[in-house]
Amino acid sequence: MKKKLSPVTFHYTLITGGFWMAFCVVTAYAAVYLQGIGCNNQELGLILALGNVGGAVLSPVLGALIDRNRKIRHAAIVNVLLAIQVVLLILLRVHPSHDLLTAICYVLYISVLMPVNAVNLDLCVRLERTKAPLNFGFARSMGSFSFVILSTLLGVVTARWGYLTLPFTGLAVVVLQFIGNRFIDRDLREAEASMPPDESLIQAKSSSLVSFVKENRMFCLMLFGTIILFISHNMDGNFLINEIRNLGGDTAIMGLVAAFTAITEIPVMMFSDRLPKRWQTVHYIRLALVFFTIKILAYALAPNIPLFFAARTLQAPSYALYTVLIVRYADSVVDRKDSAKAQSLAFSMTTIGSVLASLIGGAMFDTAGVRTTMLTAVAISAVGTVIALLGTFSRRKADS
């Protein structure tokens, strides 16, 4: 039965939109801020790598914590992460210097921002299991739309007023997430109160991380493949300004490219529940994995800004399709007792890919140039696609 737009969907849209706007500030405009204070590409890459390592470690830790203790509220964890972001953003605004303190603040900012999405994804699974009227595809598409709006505005704003506008933007986005988080927690409490106790869920104990890997070898193989895929994906995303400048553009053009890329995601995400039923979720996941490599190849070969824009449309059948369906896929192949851990690990793998992209890309963009770096990204992506495809499978779980 088709889900309708509801208060739950609206509230989930607030936290999803808030996260992706924060992601826009911290990642899409990381080069603008960090190069603004004097960092080179290698320093930029190292800071992004360390921040993503922190996020990749913290996400499954928080997921395991939620799995083990169902009394811990998602909202409580998110609020703590948001409060830390406020402190760090203030420091980044009042102390924008090319020194160790600023680097540490930016690393910590990334580290506490990334797990918010992992917690939100598990919250989505919990809401859907309570039969709450949540349209995840719509909410996620609005996250991309929020990214579009903010990316476009920041491209103009930073070109005119400079990189120091970014911490102010980050603070405004944190406030939005605080508001949305309060409402969505109330929605979850009401939905849970209306459901009878699920005895099998209460009695099932969450697996340790080692046991989880042993029990879900194929799923973890797919996740390993996505690490490699997201190396190439993030070599583009983390260093987009280098590609744009190589084609003759500036930060304003970068903002438009990032916005256009996000726009292409919206139809796929918004109408994901209307995908033809002839294919299972796993089939669409496989299609997305292949298109990741096709997409990076198109980026690498684009000779000018107009064709680079055209190549960005391949974001729809690759990243957009994968992102909107991986939550459903993970929930279908992993036992419910480990749902938060599965969602956290799935997001952490993309984060680890960003870590490696930052290290590899930072060095290569400085030494080998844009074209060679992006062609290397194509080869990396092809390897990741093959490995991830080998790990995909279909499994129909029992409700218990």
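1. In this predicted model, helix 11 (240–246), helix 13 (281–301) and helix 17 (370–391) each contribute at least two residues to the lining of the second largest cavity. Of these elements, helix 17 provides the largest share of that lining, with 3 residues.

2. The residues that line the second largest cavity are Glu243, Asn246, Leu247, Tyr299, Ala300, Ala302, Phe308, Val370, Arg371 and Met374. Sorted by class, this lining holds 7 nonpolar, 1 polar and 2 charged residues. The space inside the second largest cavity is about 80 Å³.

3. How many cavities of 30 Å³ or more does the model contain? The count is 4. The largest cavity encloses about 700 Å³ of space.

4. The lining of the largest cavity comprises 41 residues. Which of these lie nearest its centre? They are Trp20, Phe23, Arg140, His233 and Tyr319.

5. Several helices supply two or more residues to the lining of the largest cavity. From the N-terminal part of the numbering, these are helix 1 (7–28), helix 5 (100–129) and helix 6 (136–161); further along come helix 10 (217–238), helix 12 (251–270), helix 15 (316–333) and helix 16 (339–367).

6. As to the chemical character of the largest cavity, its lining is made up of 19 nonpolar, 18 polar and 4 charged residues. Arg140 is among the residues nearest the centre of this cavity. For the second largest cavity, the corresponding figures are 7 nonpolar, 1 polar and 2 charged residues, with Glu243 and Arg371 among the lining residues.

How values were computed: Residues are numbered from 1 along each chain as its sequence is written. This is a predicted model: local features need pLDDT of at least 70, side-chain atom pairs count only at pLDDT 80 or more; totals for chains, interfaces and linings use all residues. Side-chain values use heavy atoms; hydrogens and water are left out. On a 1 Å grid over the protein atoms alone, a cavity is a set of points where a 1.4 Å probe fits but cannot get out, and a pocket is an open set with protein on both sides within 12 Å along at least five of seven lines; lining residues have an atom within 4 Å of a point. Grid points are joined across faces, edges and corners, and a volume is the space filled by probe spheres set on the points. Helices (H or I, at least four residues) and strands (E, at least two) are DSSP runs, numbered from the N terminus. Ala, Val, Leu, Ile, Met, Phe, Trp, Tyr, Cys and Pro count as nonpolar, Asp, Glu, Lys and Arg as charged, and the others, Gly among them, as polar.
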